[in-house]
Amino acid sequence: MSGPHTVHIDRTKRIAGATTLSISELNPMDMTELDATFHGAASSTVMVGIPCYNEEVAIGSLVLRASQYADQVVVLDDGSTDKTAEVARFAGARVLVHKVNMGKGAALRDLFEYATEAGFDILVIIDGDGQHNPDDIPK
């Protein structure tokens with residue numbers, strides 16, 4: 001795993017529908033394998049994605065707590081005007097930045113795309129305001 005860095009994403013001219021993700025249906029036999037993968041019986045990589053906007057107060061502790069359960073924590077700063085990106089980076093997150101606020105949907109889309117391109121097996125999304133407890137990730 002490489003160290004923290006910032007990636008700027010400029011999607012202001014993006015055409016709708018340019019990125020799609022497909023999820024295959026699982027038959028009952030696959031559920032056992034999926035469960036084993038999520039609970040660590042098989043080798044898997046876990047990314048925690050945190051979309052946020054102006055969350056400099058909460059983001060540092062969220063990143064530190066989530067990193068206990070993930071191979072990588074990725075914060076997507078959606079055009080914040082505070083120090084969200086700096087605090088997240090200092091706490092050890094990989095930080096993606098939208099130059100302007102594009103909304104939670106765009107932030108989620110870009111986290112999904114990043115996780116897919118980076119080859120993570122599992123993506124867990126938690127909110128940047130502390131609404132979700134990172135200690136629930138293994139559940």
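How many of the residues of strand S3 (residues 72-78) are buried? Seven of its seven residues are, which leaves the strand mostly covered. The views below start from this strand and work outwards through a predicted model.

**View 1. Strand S3 is covered on both faces.** On one side of S3 sit Gln72, Val74, Leu76 and Asp78, and on the other sit Val73, Val75 and Asp77; all of these residues are buried. Take a moment to follow the two sets along the strand before turning to its partners.

**View 2. Strand S2 runs parallel to S3.** Six bridges join S2 (residues 46-52) to S3. One pair to look for is valine 48 with its bridge partner in S3, valine 73. Between the two strands the chain passes through helix H2 (residues 59-66), and this β-α-β crossover is right-handed.

**View 3. Strand S4 also pairs with S3.** Here five bridges link S3 to S4 (residues 94-98), and the two strands run parallel. Valine 75 is a handy landmark, standing opposite valine 95 in S4. Together with helix H3 (residues 84-90), S3 and S4 form a right-handed β-α-β unit.

**View 4. The largest nonpolar core has 22 residues.** Which of its residues touch the most other members? They are Val48, Ile50, Val63, Val73 and Val75. S2, H2, S3, H3, S4 and strand S5 (122-125) are the elements that give two or more residues to this core. Nonpolar side chains tend to be buried together in soluble globular proteins.

**View 5. Valine 73 has contacts well beyond its own strand's sequence neighbours.** Setting aside residues within four places in sequence, valine 73 is in contact with Val48, Ile50, Val63, Ala66, Ser67, Ala93 and Arg94. Apart from the largest core lies another core, of nine residues, including Met47, Leu76, Ala107 and Phe120.

**View 6. Helix H2 turns one face to its packing partners.** Its buried residues are Ile59, Gly60, Leu62, Val63 and Ala66. Why do they line one face of the helix? Seen down the axis of H2, the buried residues fall within an arc of 165 degrees, so they line one face. An α-helix has 3.6 residues a turn, so residues three or four places apart point the same way. The elements that the buried residues of H2 pack against are S2, S3 and H3.

**View 7. Asparagine 54 sits in the loop between S2 and H2.** Its phi is near 55 degrees, a positive value in a residue other than glycine. Is asparagine 54 buried or partly exposed? Asparagine 54 counts as partly exposed because its relative accessibility is 28%, while the cut-off for buried is under 20%.

**View 8. The whole chain puts the close-ups in context.** There are four helices and five strands, and from the N terminus on they run β-α-β-α-β-α-β-α-β. Of the 139 residues in the chain, 37% are buried. Among contacts with a separation of 6 or more, 72% come from residues 24 or more positions apart.

**View 9. Confidence varies along the chain.** The average pLDDT is 80, and 70% of the residues score at least 70. Over residues 1-5 the pLDDT is below 50, and this stretch has 11 contacts in the model beyond near neighbours in sequence. Residues 10-34 also stay under 50, with 16 contacts beyond four places in sequence.

How values were computed: Residues numbered from 1 in each chain as written. Heavy atoms only, no water. Buried < 20%, exposed > 50% of the residue type's maximum accessible area, 1.4 Å probe, protein only. Pairing = 2+ DSSP bridges. Right-handed = clockwise from strand over helix to strand, strands pointing away. Core = buried A, V, L, I, M, F, W, Y, C linked by side-chain atoms within 4.5 Å. Contact = heavy atoms within 4.5 Å. pLDDT = per-residue confidence, 0-100. Arc of directions from axis to C-beta.
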